[in-house]
Amino acid sequence: MEYKITGPATSELIADGLPPITVIGTEEIRNTFDEATLQQAINARSAPGISEVILNPDAHIGYGAPIGCVMVSPDHIYPGPVGVDVKCSMSLIQFDLPEEEIRDKRIRRDLINAICARTPTGPGQGQRNVPKSRHIPLDLAVQALIEGPSPSVCEQMGIPFEWTERCEDAFHRGHDRSEKSLKARLERITKEKYLSAFREKMRQLGSYGGGNHFGECEITQIEENDRARKCAEVFGLKDGQISFLSHCGSRGFGNIVAVEQFRILREYFKKTGTPFPGGDTHLVYARCGSHEGDDYLDDMALAANFATVNHLLINTLIVEAFQEIFPDVQAKFIYLISHNIVRREVLDGQSMLVHRKGATRAFPAGHPGLEGTPFESTGHPILLPGNPVGGSAVMVADPGARLSCFSINHGAGRVLGRRDACRTLNQKQVNLQFDDSDILVNCRNYPLDESPAAYKNFDEVIKSVQEAGLASVVARLKARFVIKDGDKPDD
């Protein structure tokens, strides 16, 4: 394999007998791709029905396909490029609260306590683990799986329904685009043994989970150029004021149904003698319209509805927590955007299944997919977490985003595996880094495997995206405190 350089931050990965893989990244970023990641990308490019593969600058080893990749097919569905945390997403709220209001560490600690009293963290945690959470009855949770954040679901959970207008996809339907198929699918799978903990998983609505999931209080810093200011106005961002960024997904329910789908498809491959692409048993697939494909799309939609409602409920609880400390504060929901999903989109006039694994949709101004949304004239917000010390970003797509199938990275991307980070990084130094940056955390020790040094240089990642002509920065987000859990990851 070798790189063919095509631009300052673009290249093609060439492997014998295969069409090229588009790679986004400067030379520094390309040096972060290890052999296993590149081999996964090659396996993905050789897989049946795949017409394009994109490797984003945050790419690293994943489940069947690299985390930080895009796979496109007209008629094949690949669960690997969705992974086991279906519709893991980012969301952002903007408060009308000036930065100076939370400079006092005691105020920030009060906010942390108010949030943690409402939103549990940790892989197994649910509503009953904190005193001020929303206790969601089982029948309402089931309704949310089938309907998503419908007016009825939002009213019962106390979620502002108008927030659904600022979601990449607020409602997910079954393989035939109906709720009826989701209801039938859910009735069938809840009788299976692998969903014996279904009631417990439904109690996780309104919680973050563990691993790389987090809530982060930010200072919004809008870039000083006319385009950024225009986009910020459309998005609802306020310079120098407090915002809140959240990262979570479909929790235990999404994990269970995804793992079961991998098991089913692996067994199907073995039974039918179908070869695994690249010999990777995680790189399974199903054809559109097949029984297996329909079941996967239904399960993905159920988990995606859970993830959407989970995010909206968390954000509702975050606003409630801020209003406990600042009774008059107002909040605007900016956006919710996913990075582990398969979406049907039009590319060059053809309907395609765009698989984004650790990749974020990036529609620029005028894209047909934004017609009728508040973002037609600007492009939609792209929410990119970096790390608490280095900061995060809100971006907007540029016209050149077609190069990457209208996708960019989903964050910084790992440069150290979790075990390597825990073995090589020093806890005292990590904690001191947060102290020096005046960033509070809710846990005694910030998780080593989630520390800034475990991730790639975020500025170089952003530089790669901008130099490739894919997207531009609208605002930077500077962390003031972090809600985190040091337990095992969900994805």
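Which residue of β13 does V342 stand opposite? In this predicted model, V342 faces H355 in β13. The report below places that pair in its sheet and then turns to two helices.

## The sheet

The sheet is open and is built from seven strands, arranged in the order β1-β2-β3-β4-β5-β13-β12 with mixed pairing. Its edges are formed by β1 (2-7) and β12 (340-347); each has a single partner strand, so one side of each lacks a neighbour in the sheet. On average, and with direction ignored, neighbouring strands of this sheet are turned by 35 degrees against each other.

Helix α2 (residues 35-46) packs on this sheet. The strands touched by α2 are β1, β2 (10-14), β3 (21-24), β4 (52-63) and β5 (65-73). The direction of α2 makes about 135 degrees with that of β4. As a general point, strands of a sheet pair through backbone hydrogen bonds, in either a parallel or an antiparallel sense.

## Strand β13 and its two partners

Strand β13 (residues 350-357) pairs with β12 in the antiparallel sense, over eight bridges. Within this pairing, I341 stands opposite R356 of β13, and V342 stands opposite H355. The two strands form a hairpin in which two residues lie between β12 and β13. D348, in the turn, has a positive phi of about 55 degrees.

The pairing of β13 with β5 is likewise antiparallel and runs over five bridges. Here C69 stands opposite K357 of β13. How many of the eight residues of β13 are buried? Six of them are, so the strand is largely enclosed by the rest of the structure.

## The helix pair α9 and α10

Two packed helices are described by the angle between their axes and by the distance between those axes. For helix α9 (residues 251-272) and helix α10 (residues 291-325), the axes come within 9 Å and cross at roughly 165 degrees. Because angles over 145 degrees count as roughly antiparallel, α9 is roughly antiparallel to α10. The crossing in which α9 passes α10 is left-handed.

On the α9 side, the contact is made by R251, F253, G254, V257, Q261, L265 and Y268. These meet E292, D295, Y296, D299, L302, A303, F306 and N310 in α10. Sorted by class, the contact of α9 with α10 contains eight nonpolar, three polar and four charged residues.

How values were computed
Residues are numbered from 1 along each chain as its sequence is written. This is a predicted model: local features need pLDDT of at least 70, side-chain atom pairs count only at pLDDT 80 or more; totals for chains, interfaces and linings use all residues. Side-chain values use heavy atoms; hydrogens and water are left out. Two strands pair if DSSP finds at least two bridges between them. Helices (H or I, at least four residues) and strands (E, at least two) are DSSP runs, numbered from the N terminus. Axes are lines fitted to C-alpha atoms, for helices over the stretch in contact, and angles run from 0 to 180 degrees between N-to-C directions. Contact means heavy atoms within 4.5 Å. Buried means under 20% relative accessible area, exposed over 50%, partly exposed in between (1.4 Å probe, protein chains only). Angles under 35 degrees count as roughly parallel, over 145 as roughly antiparallel, 65 to 115 as roughly perpendicular and the rest as oblique. A crossing is left-handed if the near helix is turned anticlockwise from the far one by less than a right angle, and right-handed if clockwise. Ala, Val, Leu, Ile, Met, Phe, Trp, Tyr, Cys and Pro count as nonpolar, Asp, Glu, Lys and Arg as charged, and the others, Gly among them, as polar.
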